[in-house]
Each structure stands twice: as structure tokens, then as C-alpha cells.
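Here is a walk through one protein model, taken a few residues at a time. Keep the structure open and follow along.

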Amino acid sequence: MRLNLNIENPDNWLPKKNPIIISGPCSVESEEQVLQTALEVSKSNKVSILRGGIWKPRTRPNSFEGVGEEGLPWLKQAGKAVGLPVATEVANADHVEACLKNNIDMLWIGARTTVNPFSVQEIADALKGVDIPVFVKNPITPDINLWVGALERINAVGIKKLGAIHRGFSSFDKSSYRNTPMWEIPIELKLMCPQIPMICDPSHIAGDKELIPYVSQKAIDLDMEGLMIESHINPLVARSDAKQQVAPLELGKILHDLIIREKHSESEEFINKLEQLRSIIDELDEELINKFSSRMSIIQKIGEYKHENNVTILQLERWEQILKNRSFLADKVGLSDDFIKKMLELVHQESIRVQTQVMNQK
Ligand code: PEP
Ligand code: MN
């Protein structure tokens, strides 16, 4: 499904940098802290937007909830001092009003706000008739429609300078990430709306500064337009997200080490070779589809036999046996166990669906 968003070409309103780097502290804590951070992060010459949280949506009460409106001029001044536009998070109409009053250059909607259509609509209404770039972070839950809905609400009031920020998804499972990236979701959004600039926020995905270089490189390799990386002049004393904030020097190193790849290559040899390999992939995919089709016709027959003999569709032992045996086979040819398991689960689900259909038809 293609989205019908009216987005202005990012070349007209985003810094022409590859990639666009948004950096600055998680929270603006004092005039001095944001200014010093700005002066230091801008030394790399790679940062093109200064960020700083003013109102912080904290999970539990009694944590530092941001300095509030008082911090807006500090952020703006710090941006001016280094010649960078500034961006902050807004979660309601009052925040929008305060940002506009203080000439904040860009806004973003946080992950905890994107989940709530009432809040998003309130922000959209406050932005009616205003021409300011707005980024929408993905909702904390892995629901692409909430993300799309928020973009649509903001776009519907006339905001055409619109971007998306991928910051990962909250998950019950224990994982090495603070927020699971689920890369397939921003990729799906890009398919639905190819013109939208997609910025990755490796800081909130990683939750730990050690993982930031890896997540950043992955985002760049997935052709995302930019990165939002939290940086603090002294991360050890940061009042929010201390573990994931990098010192400006560390930021410089992360940016320096990033490998920027080209979207395309003009080399004839590369183009020919790629074409050859892709035609082999096309044939293999066709074979796979034919094999799946043969497999499904057998499933159909099995469904009929089970029905004739009044036997349940699910046969747990058989399923266990399949998983074990295929995992062994996959391992022998160097395929990842996780991939084969996910693929089999999909196939098994479809087989159950087909057999259920057969049973109900009879
Ligand atoms: C932030 O950018 O500091 C922030 C609170 O992010 P998120 O909305 O992604 O949690
Ligand atoms: Mn943060």
C-alpha cells in the first residue's frame, strides 16, 4: 500500500549531508551544559542539527522530567553559537506553542506520544498553518499503523517538511537492545512512502553506548538518511539516559568510523555481475515458489486423509521432529537456525490454515 502523503523534497529543507547527523544531549540540563555540548559536538563538522530534550517523558515519577520551557532559549542560543538549527520533542499543544515562541527550528514527536492518536491530533491542531519540519518517532509498540496514522495527522494540517525517526520497539523479551530494532518495520514504512526521510536513533535502540557504532552502521547500510545520536558533555553525570549518551569525542570517532556506501555504482562490471547474480536469484525464487506449491498440494492430501480418519490437524510429535531434523540439515549447510525456525513456523501456520479449510469444506 502506498501512502498518500504530501511531503516536500527533503533536499529543500534538510541539510544536504550524507548522512544527516542530529546530535546533542538527551536532556537540556543547564545553559552551560547545552552550550558546551554544542561547541564540542560541532567540532567534528559532521553534525547538522542540534537536539535537546526539554520535556522528558519518564517511565516512572520522580525522575528528572526536563527543565521545561526555561531551557528553550538555552537550546536556541547553543544552536546559534555553532550555527546549527535546533530540534526538540513536543508532546502536547503547550509544548508546540512554547517552541514556536522561542523559534525552535524543528520538532519531533516522541515514541510515547506517537502511540496516542489524541495527543498526536492535539499537536497537529497546534501546528495548523505553521511551516516547520516535524519528525515522527516510531511508536514504542511495533504497530506500523500508529506510526503511519501519526504521520498522516501531522501531514493533514499542512506540515510538508515531514520525516520519520526509527528508535526501536519496546519488547517483553530480554535482548541485547534497549529497544528491539525490528528493521523490517522502517523498511516497510519506506516502501509505503519512499519520499520520507528516515533517520535512525541508535541511542534509544542500543541503550548502551557500546552498541551505538554497530546500530549506526547497520542503519547506514539500510540506506537510512541520517542518525540521531545522543551526546552529552559529561555522560557520567547525565540526568537522563546516562548509559547511552556518548561524549563529544566518542561521537566524533563513531562518525569518523562510519562507512558510507553509495546507493548505486556506475561501474559496468559491477552492473553486469549484479544482473547475472540477480537472474540466478529470480530462478531460485521461482523454484522455491514451485516447491512450496508442491508441498501445499501434499498438505491438502494430508488434510483429506486426516479428515477421513477423524484425526487432529496438529500432530505435536511430528512438528517437533520436523523442527529438529530441519535445524540439523540447516546447520550442515551453514544456514542460521533462527532463520530456518522462523521460515518453518510460517510454513507450518499456512499448512494448518490449508488443512483447516479442507476439514471445514468436507
Ligand atoms: C529522546 O529522544 O530522548 C526520547 C525520549 O526518545 P523516545 O521518544 O524515542 O523514547
Ligand atoms: Mn534519551
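**From a buried valine to the surface**

V28 is buried, with a relative accessible area of 0%. This model is predicted. V28 sits in the loop between β1 and α1 (31-41). Which residues does V28 touch, leaving aside its neighbours within four places in sequence? The contacts are Q33, V34, G52, G53, I54, F64, V67, G71, W74 and L75. K56 offers a distance check on the fold around V28. V28 and K56 are 28 residues apart in sequence, and their C-alpha atoms are 9.6 Å apart in space.

Step back along the chain to the segment before β1 (20-24), where P19 is found. The peptide bond between N18 and P19 is cis. Its omega is about -5°.

Next comes helix α3, residues 93-101. Its buried residues are H95, V96, A98 and C99. Seen down the helix axis, these buried residues fall within an arc of 165°, so they line one face of α3. What do they pack against? Their partners are α2 (71-82), β3 (86-90), β4 (106-109) and α5 (117-126). The face turned away from the buried side carries D94, E97 and K101, which are exposed.

Look at the ends of α3 as well. N92 caps the N-terminal end. A side-chain oxygen of N92 lies 3.0 Å from the backbone nitrogen of D94. Just after α3, N103 takes a positive phi of about 55°.

Two further residues, neither of them glycine, call for a look at phi. M182 has a positive phi, near 40°. M182 lies in the loop between β6 (162-166) and α7 (184-192). Is M182 buried or exposed? M182 is partly exposed, with a relative accessible area of 27%. That value falls between the 20% and 50% cut-offs, so the residue counts as neither buried nor exposed.

N310 also has a positive phi, near 55°. N310 is found in the loop between α11 (268-308) and α12 (316-332). N310 is exposed, with a relative accessible area of 74%.

Finish on helix α11, where L284 is found. L284 is partly exposed, at a relative accessible area of 43%. Where does L284 belong on the surface? L284 forms a nonpolar patch there with L277, I280 and I281. Together the four residues have about 360 Å² of accessible area.

Technical notes
Residues numbered from 1 in each chain as written. Chains lettered and ligands numbered in written order. Predicted model: local features only at pLDDT ≥ 70, side-chain atom pairs only at ≥ 80, totals over all residues. Heavy atoms only, no water. Helix = DSSP H or I, 4+ residues; strand = E, 2+ residues; numbered from the N terminus. Buried < 20%, exposed > 50% of the residue type's maximum accessible area, 1.4 Å probe, protein only. Contact = heavy atoms within 4.5 Å. Patch = residues over 30% accessible without salt bridge, like charges linked within 9 Å, V, L, I, M, F, W, Y side chains within 5 Å. Areas by Shrake-Rupley, 256 points an atom, 1.4 Å probe, with all protein chains shown as cover. Salt bridge = Lys/Arg side-chain N within 4 Å of Asp/Glu carboxyl O. Arc of directions from axis to C-beta. Polar contact = N/O pair within 3.5 Å; in protein donor to acceptor, adjacent residues only side chain to side chain.
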